[in-house]
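Here are a few exercises to work through with the model open in your viewer. Try each one before you read its solution.

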Amino acid sequence: MKKLAERALNITPSVTLSIDAKAKQMAAQGVSVVNFGVGEPDFDTPAHIAAAGIAAIEAGHTRYTPASGTEKLRQAICGKLQSENGLDYNPAQIVVSNGAKHSIYNVLLALCDPGDEVIIPAPYWVSYPEMVKMAGGTPRILDTRENEDFKLRPEELEAAITPHTKALILNSPSNPTGTVYSASELQAIANICVRHQIYVISDEIYEKLVYDGATHVSIASFGSDIKELTIVVNGMSKAYAMTGWRIGYSASNQRLAAAMGSLQSHATSNPNSIAQAASIEALCGSQYAISVMLQEFARRRRRMVELLNQLPGVSCRMPQGAFYVLANITQLLGVSYGGEVILDDVSLAGVMLERAHVAVVPGSGFGARNYLRFSYATSMENIEAGLSRINTFLALRVLR
Ligand SMILES: Cc1ncc(COP(=O)(O)O)c(C=O)c1O
């Protein structure tokens, strides 16, 4: 049999999905598993948004739309970017896709030639390096430090730029760290990107989920030079509890938007027409549901951080955004639990699932070896029960 393409062979299988698959298999066998692995809000899509989807079906909006999205939705996105982010775009600069993930992939397809490097600060969202590789580029990972809130140091960014550097992927608020960059930190990064003329893929999907007075600022808002180089990526999934509807979008300079629209027109055509109609309501209708979800996430975040820091050998910082906590487990390495020695984050996540029936995601998949990612997109009851199970499990500690 002929071999598969290098592109397919080069992809690293997702650790996120393998733990998730195992947790689901255990649950199907009747085991009660507390799942901290989830990457989606546990709330339903707000009723007025769902109703707009139903109305779209009833009104017959069930046909192909323009490949880059309906004019009405692209106008609504321009309105949102103007009023919330201070960014002036016209509909020809917007490409609506099947989720923000698809938008990022479109950007990379439109930007990367073989040999082009894309800088990705670690910890990063699992899919970035893989998507860069799928697009033919080379991921260039830049480590950050926990005691600096996992923020990219401007001088290290500048030192990593080579003649092959095409773009930087920035994700604030971040999955998996919850880090939110301040305006002045973004300004420093923007200055470097403008000086070296590299693109910034700014993944702002968690923009609505910020806590303790932190504010989200788009790096594109620091003037026309950086705006020209920035591709703002956002979507409906996290802010509006619409993960299954699959709508994301990019805003960029018009040349790039046209290229991405063409690529998309041949690969997937338009995103779902019904979901596009519902997204107009999400952006233009009442935003009340967001504040309710945000309040609940804020409450859970505090409790989860408090309980995690009470676990022996585990520590974490208070994240300012998204709905994840990245916990440091280096003190647990080499420790034996019921005969099983913890070698790294992957082995700890495996043992915790088997013995404590708690699913978490090992940090390795995010370029954060010896960390575990806990999602608090689950009920307070689950947070308390899951962390109590881990506490009981960690008490079985036997020093080697
Ligand atoms: C950082 C980040 N970007 C993008 C996405 C993709 O979101 P979607 O494709 O559902 O819009 C996710 C989803 O988990 C994410 O965590």
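**Exercise 1.** Work out in which order the seven strands of the open sheet lie, and find the edge strands.

*Solution.* Start with the order: the open sheet runs E2-E8-E7-E6-E5-E3-E4, with mixed pairing. Strands here are DSSP runs of at least two residues and helices are H or I runs of at least four, both numbered from the N terminus; two strands pair if DSSP finds at least two bridges between them. Next, look for strands that pair on one side only: these are E2 (94-97) and E4 (138-143). Finally, check the twist: neighbouring strands are turned by 20° on average, direction ignored.

A quick note on the ground rules: this is a predicted model, where local features need pLDDT of at least 70 and side-chain atom pairs count only at pLDDT 80 or more, while totals for chains, interfaces and linings use all residues. Residues are numbered from 1 along each chain as its sequence is written.

**Exercise 2.** Take E5 and E6: in which sense do they pair, and over how many bridges? Then see which helices pack on the sheet.

*Solution.* E5 (165-171) and E6 (199-203) pair in the parallel sense over five bridges. To get the register, note that Leu170 sits opposite Ser202 in E6. Now for the helices: H5 (100-111) packs on the sheet and touches E2, E5, E6, E7 (230-235) and E8 (248-251), making about 40° with the direction of E8. H10 (254-267) packs on the sheet as well, touching E2, E7 and E8, at about 30° to E2. Contact means C-beta atoms, placed from the backbone, within 7 Å; the angles run from 0 to 180 degrees between N-to-C directions, using lines fitted to C-alpha atoms, for helices over the stretch in contact.

**Exercise 3.** Is E15 buried or exposed? Find its partners too.

*Solution.* Count first: five of the five residues of E15 (371-375) are buried, that is, each has 20 or more other C-beta atoms (placed from the backbone) within 10 Å of its own. Then split by face: Tyr371, Arg373 and Ser375 lie on one side, Leu372 and Phe374 on the other. As for partners, E10 pairs with E15 in the antiparallel sense over five bridges, with Asn328 opposite Tyr371. E14 (361-362) also runs antiparallel to E15, joined by two bridges, and Val361 stands opposite Arg373.

Note on methods. Contact = placed C-beta atoms within 7 Å. Buried ≥ 20, exposed ≤ 12 C-beta atoms within 10 Å, placed from the backbone.
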